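Biologist: I would like to go through this model piece by piece. Please put the structure up and we can begin.

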Amino acid sequence: MKKNLLSIEGVSSIILEILYERGIKSEDEVQKFLNPDVSMLSNPFQICGMQQACELIEDTIRARKKIFIYSDGDVDGIAGAAILSNVFNSMNVAFDVKLTHRLENYEIEPEFVKKIEEMGYGLLITIDTGTTSKELIDYCEKTKFPLIIIDHHRGSIEKDLHYTTIVNPSLNRGDGDFDIFTASGLVLKLAQSFLEVFPFFPRDIFYSCIELGAIGTLNDHGLLRGENRAIVKIGLNRFENTGIPGIEKFKEHFYIPKNSDEIRIITHYLNPKLNTPGRFGKPELAFKILTAGLDENIEPIFEEIKTFEKEKQRVMRNLLSVIKSKDTERLPIFLFENIPASFSGTFAAKISEKFQMPALVAIRHGDLIQGSARSFNRINLYDFFNQIRDIFISFGGHRDAIGFKMKSSNMSELKKFWREMKIEKPRISNEIKPIHMDFENITIPFLKDLQLLKPFGYGNPPVFFTTSGVECVKITRYQKNETVVWVKQNNCLFEAHFTGTFKMPSKPLSICYSPVLHKSGDLFITWLDVIQAG
Ligand SMILES: [Mn+2]
């Protein structure tokens, strides 16, 4: 491992070395990584279109016209809509929200703008959608209806726009540093810019919105680096004593295993359940949970989500049958029928995860197909779809994830292109070499330091260690898909969790492991999660 020459008071050298390996090298970067704080957030006006968006909103408020928010119905879009509605509510701005879902059209129809204009709205804000809605943009330009698009999906804007403001750093307009933001992250930046533009905008509302930004960012697998990491980390710190009443009630209502840390609660329990109603055409249920006041009774919403969850389990069984039948030689591409089209994304993600390669899932309803593809980081999907764009009615997304719509008759052609596609070798950028570490060095202070590197996830993988000469002393118990074993090295004894069933080895093992520190009241509990043994 390369040595980091930095020395920072209160940060151990091993932590500095781990950060150095991850490209975090300056003192400033290290501080921002370990202890991000609201004061470290970057200037939101550096994002292309942000200044204009603020001015447009200000003009609309001064003209006392209503604002319409049109947002995607997945957790990123919903969290973005929830941030903006908190902001507008706190400033007494009149607004309405519509959430779209994957059972509908991707694109926003010009008809829709006509309707809201007649109803007296003076501004349309789209969240997590809109970049590829060319007809919508054309219509707003023609009729001079103000439009703000806050989106992170890729696309291209060919002409100068006068009535449309686009906040989307993935469009290559010179604000590429910010292209890691998801839609809810961008809405949070908009809220941050309000702190400067609107003197009466309450600062604590902005702080409470960071939780929502974190939830949305995690949902869309935003890279956990730079400012995304700051948003997620600050948000997670607040999440423990959440300021969102609906989440507090969610934690009480749904089963969450005791040992789950905050990030796991969000990625494994909260977000999947908030995404479910949208898959069945009712994303407003999730929005209600994120925006409900303290006194509102949202129990009936939880019950409704439970019903959808059961239906989801039924649909997911279709997926299992396919995973079993897959021939592993070829790139996975599957056609399903009689399940909601909104499941194509989850299916593609699960299949690509399972086979560690790009996967495409199409769902047919009559002569229309809706589908999704996931890249597994081994192809630029946006470029691939762009090259064969003629066979689609529409498509949208980015490098790693695409959603599309096409005539059923084009399926065989798509299949042909997909099968012929050349994929890149897996990029190892997200994998970092394990570090040699003997048991005697795993102390509580060291483990506490290690916690500062959390949250782990996309762009910030967990830290793994290796060591050898590990004796297995005794199997103590079995728990869900794990064998718990006492392991010993020199004079140090640890509890180790091996996945699956475990046979006592006849000789000492070399293991790759990740140490866990769990705090229960005043008590620290530690164990080693064994990743590999041999
Ligand atoms: Mn999104």
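Biologist: In the predicted model, which residue of E16 stands opposite Cys512?
Modeller: Cys512 sits in strand E15 (residues 509-520), which pairs with strand E16 (residues 523-533) in the antiparallel sense. That pairing runs over 10 bridges. The residue of E16 standing opposite Cys512 is Gln532.

Biologist: Which residue takes a positive phi in the hairpin of E15 and E16?
Modeller: The hairpin of E15 and E16 has two residues between the strands. A positive phi near 65 degrees is found there, and the residue that takes it is Gly521.

Biologist: What stands opposite Val470 in E15?
Modeller: E15 also pairs with strand E12 (465-479). The sense is antiparallel and there are four bridges. Opposite Val470 in E15 stands Leu509.

Biologist: Why is Lys454 classed as partly exposed?
Modeller: Lys454 lies in the loop between helix H17 (444-451) and strand E12. Its C-alpha atom is separated by 12 Å from that of Leu517, 63 residues apart along the chain. A residue would need 20 or more other C-beta atoms within 10 Å to be buried, and 12 or fewer to be exposed. Lys454 falls in between because its count is 17.

Biologist: Is Glu240 buried or exposed?
Modeller: Glu240 lies in the loop between helix H9 (226-239) and helix H10 (245-253). The C-alpha atoms of Glu240 and Glu262, 22 residues apart along the chain, are separated by 6.7 Å. The cut-off for the exposed class is 12 or fewer other C-beta atoms within 10 Å. Glu240 has 9, so the class is exposed.

Biologist: How far apart are the C-alpha centres of domain 1 and domain 3?
Modeller: The assignment divides the protein chain into domain 1 (1-35), domain 2 (44-223), domain 3 (328-426) and domain 4 (430-533). Between domain 1 and domain 3, the distance of the C-alpha centres is 40 Å.

Biologist: Which strands are at the edges of the sheet with the order E2-E1-E3-E4-E5?
Modeller: This is an open sheet of five strands with parallel pairing. Its neighbouring strands are turned by 15 degrees against each other on average, direction ignored. An edge strand pairs on one side only, and here the edge strands are E2 (95-100) and E5.

Biologist: What is the bridge partner of Thr126 in E4?
Modeller: Strand E3 (residues 121-127) and E4 pair over four bridges in the parallel sense. In E4, the partner of Thr126 is Ile149.

Biologist: Which residue in E5 does Leu147 stand opposite, and are the residues of E5 buried or exposed?
Modeller: Strand E4 (residues 147-150) and E5 pair in the parallel sense, again over four bridges. Leu147 stands opposite Thr164 in E5. Thr164 and Ile166 point one way from the strand, while Thr165 and Val167 point the other way. All of these are buried.

Biologist: Why is one side of E6 and of E9 left without a neighbour in the sheet?
Modeller: The order of this open sheet of five strands is E6-E7-E8-E10-E9, with mixed pairing. The twist averages 15 degrees from one strand to the next. Strand E6 (333-337) and strand E9 (394-397) stand at the edges, so each has a single partner strand.

Biologist: Which residue in E8 stands opposite Val361?
Modeller: Strand E7 (residues 359-365) and strand E8 (residues 368-374) run antiparallel and are joined by seven bridges. Opposite Val361, in E8, stands Ser372.

Biologist: Which strands does H16 touch?
Modeller: Helix H14 (residues 344-355) lies across E7, E8 and strand E10 (401-407), at about 150 degrees to E7. Helix H16 (residues 411-420) also packs on the sheet, and its direction makes about 155 degrees with that of E6. The strands touched by H16 are E6, E7 and E8.

Biologist: What is the handedness of the crossing of H12 and H13?
Modeller: The axes of helix H12 (residues 284-291) and helix H13 (residues 299-325) come within 10 Å and cross at roughly 140 degrees. Leu285, Lys288 and Ile289 in H12 meet Ile301, Glu304 and Ile305 in H13. By class, this contact has four nonpolar, no polar and two charged residues. The crossing is left-handed.

Note on methods: Residues numbered from 1 in each chain as written. Predicted model: local features only at pLDDT ≥ 70, side-chain atom pairs only at ≥ 80, totals over all residues. Pairing = 2+ DSSP bridges. Axes fitted to C-alpha atoms, helices over the stretch in contact; angles between N-to-C directions. Left-handed = near helix turned anticlockwise from the far one by under 90°. Contact = placed C-beta atoms within 7 Å. Nonpolar A, V, L, I, M, F, W, Y, C, P; charged D, E, K, R; others polar. Domains from an automatic or database assignment.
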